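The following exercises ask the reader to work through one structure step by step. Each task is followed by its solution.

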Amino acid sequence: MSSMVRKAICAAVIFCAALGWSQAKLSVQWEELTAADFRSGIQQSQGVCVLPIGILEKHGPHLPLGNDLINVRYVSLHAAQQEYALVFPEYYFGQIFEARHEPGTVAYSPQIQLSLLQETTDEMARNGCRKVIIVNGHGGNQSLLPYFAQTQLDKPRDYVVYVLNTAEIPPGGPPRKTTTDMHAGETETSNTMIARPDLVHLDRAGRESGADLDRLKLPEGLYTAIWWYAKFPNHYAGEGSAATHEMGEYRMKAWTDNIVKAIRAVKADQTSLRLQNEFYEKAKHPLDTRP
Ligand SMILES: [Zn+2]
């Protein structure tokens, strides 16, 4: 091997190693990056950003108020480390009127929920996030977030909002032992045992009842806001004491995998923005729209 070839190979190896090192080093957390590194992060993410959304609410007698955000950030950060995406800082500002009677709940008005979310995604987009994936960590946001995503068609925007709801957990994990398991119960407590075991007070989980009181009888399909309180006045639905580390491990991995899959799908999606633009253009002249 000539010395020139040897030098060239050597330089390439050093260059690649340096590149790999600097890429591995780039944090996925928006707030941890310098301004210059943020530019590299946007490039590396291909403009795909993740907004994990949680809430401040009571979680039974044994879990922390910030439980949902703690868990959704845990899986979002792990997912973004596997498939690079920029993760927005802590965002607690969702829908939680049904827990206003419990200590520590922070329930912003409907207007603030929507406008803060809009300004947040607008600002993310202005900074290069062409695709924003809102990863939901809180059951009370399940109506808010698809509604928010739908309202993105009200006027032209140069970015796409995607909403990823809590993942379906594939069969095969540790079987569930409890039947009521909707809030701070067996599965959610298991998840927190992975994200922040130091904040799980399993010994307190039985101090209150998380049973379904079923106090309101309405036909299926007829909705009213007090349905949740009618069932679970302690804002606790299930039995946290049934939680296990094994169940948490299985579920948090499945949730993480689901977010990785979503980030990859969003990176590959070249259709949504194109069709959005086509739609916005047509919406300016509806009478010209022909079948
Ligand atoms: Zn929760």
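**Exercise 1. The strand β4 and its partner**

Strand β4 is mostly covered, four of its five residues being buried.

Task: Determine which strand pairs with β4 over five bridges, and how the chain passes between the two.

Solution.
- Step 1. The model is a predicted one.
- Step 2. The partner is β3, joined to β4 by five bridges, and the two strands run parallel.
- Step 3. Within this pairing, I134 stands opposite V163 of β4.
- Step 4. The connection from β3 to β4 passes through helix α5 (residues 144-150), and this β-α-β crossover is right-handed.

**Exercise 2. The sheet as a whole**

Task: Establish the strand order of the open sheet and identify its edge strands.

Solution.
- Step 1. The sheet has four strands in the order β2-β1-β3-β4, with parallel pairing.
- Step 2. The edges are β2 (86-87) and β4 (160-164), each of which pairs on one side only.
- Step 3. Strand β1 (residues 48-53) is joined to β2 by two bridges, in parallel. Here V50 stands opposite V87, and C49 stands opposite L86.
- Step 4. The pairing of β1 with β3 is also parallel and comprises six bridges; in β3, V132 is the bridge partner of C49.
- Step 5. A right-handed β-α-β unit is formed by β1, α3 and β2.

**Exercise 3. The surroundings of β1**

Task: Explain why β1 counts as largely enclosed, and state which helices pack on the sheet.

Solution.
- Step 1. Residues count as buried under 20% relative accessible area. Six of the six residues of β1 are buried, so the strand is largely enclosed by the rest of the structure.
- Step 2. The burial applies to both faces: V48, V50 and P52 are buried on one side, and C49, L51 and I53 on the other.
- Step 3. Helix α4 (residues 110-126) lies across β1 and β3 (131-136), at about 155 degrees to β1.
- Step 4. Helix α8 also packs on the sheet, where it touches β1, β3 and β4; its direction makes about 160 degrees with that of β3.

**Exercise 4. The zinc site**

Task: List the protein donors of the zinc ion, give their spacing along the chain, and describe the surroundings of N71.

Solution.
- Step 1. The zinc ion has as protein donors H59 (NE2), D68 (OD) and E188 (OE), at 1.9 to 2.1 Å.
- Step 2. Along the chain these donors follow the spacing H-x8-D-x119-E.
- Step 3. H59 and D68 are both buried.
- Step 4. N71 is placed in helix α3 (residues 67-82) and is buried, with a relative accessible area of 3%.
- Step 5. Leaving aside neighbours within four places in sequence, the contacts of N71 include the donor E188. The other contacts of N71 are N191, T192, A195, M252 and W255.

**Exercise 5. Two residues with positive phi**

Task: Locate A184 and D214, and decide for each whether it is buried or partly exposed.

Solution.
- Step 1. Most residues other than glycine have a negative phi.
- Step 2. A184 has a positive phi of about 65 degrees, although it is not a glycine. The residue lies in the loop between β4 and α6 (186-195). Its relative accessibility is 0%, so A184 counts as buried.
- Step 3. D214, likewise a residue other than glycine, has a positive phi near 50 degrees. D214 lies in the loop between α6 and α7 and is partly exposed, with a relative accessible area of 35%.

**Exercise 6. The position of E239**

Task: Place E239 in the fold and list what it touches.

Solution.
- Step 1. E239 is in the loop between α7 (227-231) and α8 (245-268).
- Step 2. With 46% relative accessibility, E239 counts as partly exposed.
- Step 3. Not counting residues up to four places away in sequence, E239 touches T178, T180, G185 and E186.
- Step 4. From G128, E239 is 111 residues away in sequence and 43 Å away in space, C-alpha to C-alpha.

**Exercise 7. Confidence**

Task: State what the pLDDT values say about the protein and about residues 13-23.

Solution.
- Step 1. The average pLDDT of the protein is 93, and 92% of the residues score at least 70.
- Step 2. Over residues 13-23, pLDDT stays under 50, and the model has one contact beyond four places in sequence for this stretch.
- Step 3. Where pLDDT is low, the predicted coordinates should not be read in detail.

Terms used:
Residues numbered from 1 in each chain as written. Predicted model: local features only at pLDDT ≥ 70, side-chain atom pairs only at ≥ 80, totals over all residues. Heavy atoms only, no water. Donors = N, O, S within 2.8 Å, 3.2 Å for Na, K, Ca; no water. Buried < 20%, exposed > 50% of the residue type's maximum accessible area, 1.4 Å probe, protein only. pLDDT = per-residue confidence, 0-100. Contact = heavy atoms within 4.5 Å. Pairing = 2+ DSSP bridges. Axes fitted to C-alpha atoms, helices over the stretch in contact; angles between N-to-C directions. Right-handed = clockwise from strand over helix to strand, strands pointing away.
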